[in-house]
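Okay, everyone, thanks for squeezing me in. I'll put the structure up and talk you through it.

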Amino acid sequence: QPAATKTDMLIEGFNGDNEKLEELIKMHPIGRIALPSEIADVALFLVSDKSSFMTGATINVDGGISVRLHDPE
């Protein structure tokens, strides 16, 4: 499950409010949001022969946000 990803739609949704975008970025322990290519790389791995022994797995591609104890307010 991916976290926030730097897409045009996400960036445009902040309507130029860089302070709010920075808050979103800081929610991710890695200190940034994902690039679309990073999410695509995981999807490509999953459809490749390299993942042939995987079954029923959850892969967090989230910059560490899933380790947070609660959603930021």
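So, let's start at Val47, which sits in the segment after helix 3, and that helix covers 36-46. Quick caveat before I go on: this is a predicted model.

Is Val47 buried or exposed? It counts as exposed, because its relative accessibility is 68% and the cut-off for exposed is over 50%. And Val47 has company out there: together with Leu44, Phe45, Leu46 and Met54, Val47 makes a nonpolar surface patch of about 460 Å².

Okay, zooming out to the whole chain. How many helices and strands do we have? There are 3 helices and 0 strands, so if you read along the sequence you get α-α-α.

Now the overall dimensions. For 73 residues, a compact globule would have a radius of gyration near 11 Å, but this chain comes in at 14 Å. If you put a box around the C-alpha atoms, along the principal axes, that box is roughly 45 × 30 × 15 Å.

What about burial? Out of the 73 residues, 16% count as buried. The accessible surface of the chain adds up to about 5,800 Å², and carbon and sulfur atoms account for 56% of that.

One last thing, on contacts. Take the ones between residues at least 6 apart in sequence: 61% of those join residues at least 24 apart.

So, back to where we began: if you look at one spot on the screen, look at Val47 and its patch partners Leu44, Phe45, Leu46 and Met54.

Conventions. Residues numbered from 1 in each chain as written. Predicted model: local features only at pLDDT ≥ 70, side-chain atom pairs only at ≥ 80, totals over all residues. Heavy atoms only, no water. Patch = residues over 30% accessible without salt bridge, like charges linked within 9 Å, V, L, I, M, F, W, Y side chains within 5 Å. Areas by Shrake-Rupley, 256 points an atom, 1.4 Å probe, with all protein chains shown as cover. Salt bridge = Lys/Arg side-chain N within 4 Å of Asp/Glu carboxyl O. Helix = DSSP H or I, 4+ residues; strand = E, 2+ residues; numbered from the N terminus. Buried < 20%, exposed > 50% of the residue type's maximum accessible area, 1.4 Å probe, protein only. Rg over C-alpha atoms; globule rule 2.2 N^0.38 Å. Contact = heavy atoms within 4.5 Å.
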